[in-house]
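Here's a quick briefing on some helix packing. Have the structure open while you read.

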Amino acid sequence: MNPRPLLLAAAVVGALSLAACRREPAAPAAPASAAAPAAESADAFIARVNAEYKAAYPEINAAQWLSATYINSDSQLVSAKANERALSQLNKWVAQARQYEGKPMSADTARAIQLLRLASAMPPPHDPARLAELTALASKMEGDYGAGTYCRGEGDQKQCRQLGELEQVLARSRDYDEQLDAWQGWHSVAAPMRSDYQRFVELANEGARDAGFANVGVMWRSGYDMPPEQIAAETDRLWEQVRPLYEQLQCYARGKLDAHYGAAQGELAGGLLPAHLMGNMWQQDWSNLWDLLQPYPGAGDLDITAALEKQYQGELSAALARAPAGTAGNADVRFKAEREAQLRTAKAMTGRAQDFYASLGMPKLPDSYWQRSQFVKPLDRDVVCHASAWDMNMGGDVRTKMCITPTEEDFTTIYHELGHLYYDLAYNPLPPLFQGGANDGFHEAIGDTVVLAMTPAYLHSVGLVGEPQASREALINSQMRMALAKVAFLPFGLMIDRWRWGVFDGSITPEHYNQAWWDLKAKYQGVAPVTARGEQFFDPGAKYHVPGNTPYTRYFLSHILQFQFYQALCQASGHTGPLYEGSFYGNKEAGQKFWAMLQRGASQPWQTTLKELTGSDRIDAAPMLEYFAPMQEWLKQQNQGRICGWQVPAAVAATKP
């Protein structure tokens, strides 16, 4: 996630985990009258907007940064008021732009005006009171999410855990009841957001109508250089391409869960997967189930987490060795050493990711990045740990905000986040209104394209895995490792906005928020809860991007686009073998082609930018299917005799064990 011009709300993809996203603030406030100067041409108007926008941009980002890294009532107020001013300014600019409709202007100006009209994921109502209410709700929901805590027990026995700790239970525990408690605990945190979100939808829809759109969903779908009704059809087409692969993976996972937990607990009626057993709070990434789903234990060393933990232990030993003689056993000394080791390890992981981009000929990150980023979770305050990348001033002050731990999930997320920053740095010379991804899926695909190039050979070269094994078993293990993130994510990437489009257009009413959520998860993911999830819950709010109002179709598109990008860059590097073996690490020719695409930003239709890199102007899942062809064939063999696919119950929300 990465803060980018004009959008209030955030946009993981996490590299192997979708733990990441791109934070997108509202348009910055700047002094302006309600009407443009009488003699101002359209080109002059856009030049003025760009100048005012860039001048005020750092202030709105500073407010957003504080609200995410120092969560309290004061920072929420500052953020809400900054967003209120910013969106009020956006309203003025959009109103001023209407006077140029039908008048001569340059192609760049016409595109800039269209981007201005689509600038906010949270369209501001014209009524000042409702605008103030909308921004206050947005800040409150994000703060509530970041500070969310699940507690159990009373008095001295009371134990409270936040999302990161509860995620670790799902990732590492294989105790059925312990996982269920952690999953239910986090989802209980979201229930109080329900009424806030309902009101938020009403106000945002009012803003969309004020801007000339039927609802927020239509406005979001209008940002793809095609009629808004076409994007749903395009994503349906892409889903049909990849659905057979996902169904085979779901079938395989179901069999492994049955083997471990027993058929009574490993799957639900109709072949649905139990939500709390998938190693991830939202079932969007199954990488944490590697111990259960690894096809051939011991075939190829892919335990990145173990290697990173070893590095951390080395840093800890070094920190303790630097302590005054005789104090290593002191609890305070050890605590400080652990914090030092955590920070050093986090920065070393980030440095390794930077090295990949630099190997392509891209610049190293500025010194300010290392001084101002949040690498580990602070001890003295609540923060939003959800990984995000920030361009603070369109002038080189780029940052990431994470709570890094020495795990494969966080390691690959860093590569993803730096992809956002390098996109920012590449297009910073463009006018501010063109400083964005070719479409929102592009921004999320950049870092993930690099993750695809993190082959076993690359990981061995940086000391994270052993010598790659040239065997079919090692290949299937490597492909499964990638599929548990990339393939498992696809239906989740689709269903979130399917839910929100229904919420925004009224086909999903507040009385059926939760039921519709689980109906869609069953339909697309083949996943269900094991206990009833009635309308007293608000399970959509347990996913950051819902209270954070981040459009999510971008993540589905990015998971298709990244394989197209990867294929093109492997070809540019001279790779001629199987696609899954390709890595362009260290290849300046591929890096130059990559950088040239990043420099285009949003200055032209994404179809043109895609064609310049790949030779095709259409998003296509064929490269993804080519990449996973060996594993797909293997999965079909493993699933012989099993009934694959699943049945969607009439009322998924009432599913019981």
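Angles under 35 degrees count as roughly parallel, over 145 as roughly antiparallel and 65 to 115 as roughly perpendicular, with the rest called oblique. Keep that in mind for the two helix pairs below, and remember that this is a predicted model. One pair is H2 with H3, whose axes cross at roughly 140°, and the other is H20 with H21, packed at an angle of about 140°.

**Helix H2 by itself**
- H2 takes in residues 73-97, which makes 25 residues.
- From its first C-alpha to its last, H2 reaches 36 Å, close to the 36 Å expected at 1.5 Å a residue.
- Have a look at the start of H2 too: Asn72 has a side-chain oxygen there that comes to within 3.0 Å of the backbone nitrogen of Asp74.

**H2 against H3**
- H3 covers residues 107-117, and its axis and that of H2 come within 10 Å.
- With a crossing of roughly 140°, H2 and H3 are therefore oblique to each other.
- H2 goes past H3 in a left-handed crossing.
- On the H2 side, the contact is made by Leu90, Trp93, Val94 and Ala97, while H3 brings Ile113, Leu116 and Arg117.
- Sort the residues of this H2–H3 contact by type and you get six nonpolar, no polar and one charged.

**H20 against H21**
- H20 (residues 553-572) and H21 (residues 588-600) have their axes 8 Å apart.
- Their packing angle is about 140°, and that makes H20 oblique to H21.
- The crossing of H20 past H21 is right-handed.
- Phe565, Leu569 and Ala572 are the H20 residues here, and they meet Glu589, Ala590, Lys593, Phe594 and Met597 of H21.
- By type, the residues of the H20–H21 contact come out as six nonpolar, no polar and two charged.

Conventions:
Residues numbered from 1 in each chain as written. Predicted model: local features only at pLDDT ≥ 70, side-chain atom pairs only at ≥ 80, totals over all residues. Heavy atoms only, no water. Helix = DSSP H or I, 4+ residues; strand = E, 2+ residues; numbered from the N terminus. Expected span 1.5 Å × (residues − 1). Polar contact = N/O pair within 3.5 Å; in protein donor to acceptor, adjacent residues only side chain to side chain. Axes fitted to C-alpha atoms, helices over the stretch in contact; angles between N-to-C directions. Left-handed = near helix turned anticlockwise from the far one by under 90°. Contact = heavy atoms within 4.5 Å. Nonpolar A, V, L, I, M, F, W, Y, C, P; charged D, E, K, R; others polar.
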